[in-house]
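Me: I am new to this structure and should like a close look at a single part of it. Please describe one packing contact in detail, and then follow the connections outward from there.

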Amino acid sequence: MMNPKTKDRYYKFGTYLKEKFGTKVYKITLDAAFSCPNRDGTLSYDGCIFCDESGSFSNAHSSLLPIKEQVKTAIENLPKRFHAKAFIAYFQAYTNTYAPASRLKTIYDDAFCDDRVIGISIGTRPDCVDEEKIKLISTYKNPWLEFGLQSVHNKTLKLINRGHDYECFLRAYELAKKYNIKVCAHIILGLPGESRDDMLYSASELARLKIDGVKFHVLTVLKNTKLEKMYNNTPFKLLSEDEYCNILCDFLEILPSCTTIQRTAGTGLVSELIAPLWVKNKFETQNKIDLILKERNSFQGIKYHLN
């Protein structure tokens, strides 16, 4: 139901953090110079068709800086702008469990070099975790794993050269839950060949799992990606802003109200963007999502009981 305190029609991650910690919490993005098995030849040299050489990393930090220095720099700069008093160390770029557990421990330990770091969020792939790594992650304060799922449909995962199937995600999810680690799934709306019903089936699956968090992305064509070549050779339809917002609202209605929504829109790497150009207007998109839910007199979870 709609949050009576914030009047929000979906469960924003910031609201969850404020409820849990009693203060504003900000994610600081970190780059530990990891690689990816889908780029180093272990699975492929091509990577996912939508991913460029930045590995989905949009922050200005340099991997040349030690993790402790990145944390220190972020904490010194952010409070003035965002009034944040507590922080989550977010390992974002590439695959942040793609190393032996002993190396991971050193990297993750360094992220907690300041007492104001009260949690850790680790972006990775479901095929790059095992029980040893999951057990290690569970020893840290307030751990989250962010899995790049993108879709629950194996035909789509194969098309985008993901390098794993949905069953792999399910195994990783169950392993994380065994050690009480919260899981956020990244979902891309508008992937080639997926209908509205296909996208909403992904919603039903995540609702069935009662996933802890979801990050939404719209399919974007970036420079120097395989998707760019596909788009230039045989242009395909990308979601309009209205289509994206309406499907996202449909998705929200299916998810349980306890699932945190960690992202609905973002500008990403604007300098690398080819299409769709409307993604540059992050706040406009967020406002449109709010307006659609209001016009529907709807909210996150309204259709959850029907699943």
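Reply: **The contact of α9 with α10, and outward from there**

The axes of α9 and helix α10 (residues 282-296) cross at roughly 55° and come within 9 Å of each other. The model is predicted: local features need pLDDT of at least 70, side-chain atom pairs count only at pLDDT 80 or more, and totals for chains, interfaces and linings use all residues. Residues are numbered from 1 along each chain as its sequence is written, and side-chain values use heavy atoms, with hydrogens and water left out.

Helices (H or I, at least four residues) and strands (E, at least two) are DSSP runs, numbered from the N terminus. Axes are lines fitted to C-alpha atoms, for helices over the stretch in contact, and angles run from 0 to 180 degrees between N-to-C directions. Angles under 35 degrees count as roughly parallel, over 145 as roughly antiparallel, 65 to 115 as roughly perpendicular and the rest as oblique. The helices α9 and α10 are therefore oblique to each other.

The crossing of α9 and α10 is right-handed; a crossing is so named if the near helix is turned clockwise from the far one by less than a right angle, and left-handed if anticlockwise. Contact here means heavy atoms within 4.5 Å. On the α9 side, the residues that meet α10 include Tyr 244, Cys 245, Leu 248 and Leu 252. Their counterparts in α10 include Lys 288, Ile 289, Ile 292 and Arg 296. By class, this contact of α9 with α10 comprises eight nonpolar, two polar and seven charged residues. Ala, Val, Leu, Ile, Met, Phe, Trp, Tyr, Cys and Pro count as nonpolar, Asp, Glu, Lys and Arg as charged, and the others, Gly among them, as polar.

Helix α9 (residues 241-254) also packs with α7, at an angle of about 30° and with the axes 9 Å apart. That makes α7 roughly parallel to α9. The crossing of α7 past α9 is right-handed. In α9, Ile 247, Asp 250, Phe 251 and Ile 254 meet residues of α7, among them Met 199, Leu 200, Ala 203 and Leu 206. This contact of α7 with α9 divides into eight nonpolar, two polar and two charged residues. Asp 250 appears in the contact with α7 and also in the contact with α10.

From α7 the path leads to α6. The axes of helix α6 (residues 166-178) and helix α7 (residues 196-209) come within 13 Å and cross at roughly 20°. That makes α6 roughly parallel to α7. Tyr 166, Phe 169, Leu 170 and Tyr 173 in α6 meet Glu 205, Arg 208 and Leu 209 in α7. By class, five residues of the contact of α6 with α7 are nonpolar, none polar and two charged.

The last step is the sheet. Seven strands form an open sheet in the order β1-β2-β3-β4-β5-β6-β8, with parallel pairing; two strands pair if DSSP finds at least two bridges between them. The edge strands are β1 and β8 (260-263), each of which pairs on one side only. Neighbouring strands of this sheet are turned by 25° against each other on average, direction ignored. Helix α6 packs on the sheet, touching β4 (143-150) and β5 (182-189), and its direction makes about 170° with that of β4.
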